[in-house]
Amino acid sequence: MSERPLHVLFLCTHNSARSILAEAILNHIGQGRFKAYSAGSSPRENQQPNPLGLQVLEHAGISTKGLHSKSWDEFGRPGAPHMDLVITVCDNAAGEVCPYWPGQPATAHWGYADPSAGDGSEAQKHEAFRQTLLALHRRLSLLVSLPPEKLERAMLQGTARDLPLQA
């Protein structure tokens with residue numbers, strides 16, 4: 001692998017929950033080998049990360065500094081960081097359309113239910129975010145623990161797609 005960290009972009013529809021959680025977690029546990037970003041295919045105007053997502057990150061000791069919702073268009077502009085891996089984290093089973101990322105990076109789809117969906121109590125919503133954080137953390141921990149040869153461009157796509165949902 002090169003000296004540059006592996007750039008990973010997490011995509012979701014609104015970039016307010018799952019992709020934000022994944023970005024923060026990977027930057028926290030990536031040990032300098034990874035640089036995570038997140039974006040949405042259609043973030044709402046003035047969209048911000050879900051406050052419950054920020055709360056569970058902070059409670060887990062993960063920095064929320066610099067997290068903000070943005071369009072995936074930012075990563076297609078000149079001067080944008082080159083991505084090595086693009087992972088969609090939306091859940092097709094919920095009827096959500098996942099964005100497609102054209103170009104050369106390896107891609108993977110890790111479907112997770114939207115923790116911000118539903119009409120539960122505040123405690124139930126908080127628990128949904130906590131469970132999503134734990135599930136993403138388990139899978140990203142597996143990614144981070146891979147040996148360098150598994151992260152080479154030729155191997156990355158299959159490796160990322162094959163990481164188990166549950167560790």
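Okay, let's start with one residue: Leu6 lies in strand 1. Leu6 is buried, with a relative accessible area of 6%. From Leu6 to Ala36 you go 30 residues along the sequence, yet the two C-alpha atoms sit 8.3 Å apart in space. Keep in mind throughout that what you have on screen is a predicted model.

So, the overall layout. The protein chain has four helices and four strands, and if you read along the sequence the pattern is β-α-β-α-β-β-α-α. There are 167 residues, and 46% of them count as buried. Now look at contacts between residues at least 6 apart in sequence: 71% of those join residues at least 24 apart. As for the outside, the accessible surface comes to about 8,500 Å², and 52% of that belongs to carbon and sulfur atoms.

Back to strand 1, residues 6-12. How does strand 1 pair with strand 2, parallel or antiparallel? The pairing is parallel, and it runs over seven bridges. If you want a register to hang on to, Leu11 is opposite Ala39 in strand 2. To get from strand 1 to strand 2 the chain goes through helix 1, and that β-α-β crossover is right-handed. Strand 2 itself, residues 34-40, is largely enclosed by the rest of the structure, because six of its seven residues are buried.

Now the two loops on either side of helix 1. Each has a residue other than glycine with a positive phi. In the loop between strand 1 and helix 1 we find Asn15, with phi near 55 degrees. In the loop between helix 1 and strand 2 we find Gln31, and phi of Gln31 is near 55 degrees too. Which of them is buried and which is exposed? Asn15 is the buried one, at a relative accessible area of 0%. Gln31 counts as exposed, with 62% relative accessibility.

Let's stay with Asn15 for a moment, and bring in Ser69. Ser69 comes from the loop between helix 2 and strand 3. A polar atom of the Ser69 side chain lies 2.5 Å from the backbone oxygen of Asn15. Ser69 is buried as well, at 12% relative accessible area. Setting aside residues up to four places away in sequence, what does Ser69 touch? The list is His14, Asn15, Ser16, Ile20, Gln47, Gln48 and Pro49.

That same loop, between helix 2 and strand 3, also holds Asp84. Asp84 is buried, with 13% of relative accessible area. What does the Asp84 side chain pair up with? One partner is the side chain of Arg4, in a polar contact of 2.9 Å. Another is the backbone nitrogen of His7, which lies 2.8 Å from a polar atom of the Asp84 side chain. And if you leave aside neighbours within four places in sequence, the residues in contact with Asp84 are Arg4, Pro5, Leu6, His7, Pro105, Ala106 and Leu156. Notice that Leu6, where we started, is among them.

Last stop: helix 2, residues 51-59. Four residues here are buried, namely Leu52, Gly53, Val56 and Leu57. Why do they end up on the same side of helix 2? They cover an arc of only 140 degrees around the axis, so they share one side. As a reminder, an α-helix has 3.6 residues a turn, so residues three or four places apart point the same way. Flip to the other side of helix 2 and you see Pro51 and His59, both exposed. And what covers the buried residues? The cover includes helix 1, residues 18-29, and helix 3, residues 122-144.

Both ends of helix 2 are worth a click. At the start, a side-chain oxygen of Asn50 reaches to within 2.8 Å of the backbone nitrogen of Leu52. Just after the helix comes Gly61, which takes a positive phi of about 80 degrees.

Okay, that's my tour.

Notes
Residues are numbered from 1 along each chain as its sequence is written. This is a predicted model: local features need pLDDT of at least 70, side-chain atom pairs count only at pLDDT 80 or more; totals for chains, interfaces and linings use all residues. Side-chain values use heavy atoms; hydrogens and water are left out. Buried means under 20% relative accessible area, exposed over 50%, partly exposed in between (1.4 Å probe, protein chains only). The arc is that of the directions from the helix axis to the C-beta atoms. Contact means heavy atoms within 4.5 Å. A polar contact is a pair of N or O atoms within 3.5 Å; within protein, one must be able to donate a hydrogen and the other to accept it, and residues adjacent in sequence count only if both atoms are side-chain atoms. Two strands pair if DSSP finds at least two bridges between them. A crossover is right-handed if, with the strands pointing away from the viewer, the path from the first strand over the helix to the second runs clockwise. Accessible areas come from the Shrake-Rupley method with a 1.4 Å probe; for residues, only the protein chains shown count as cover.
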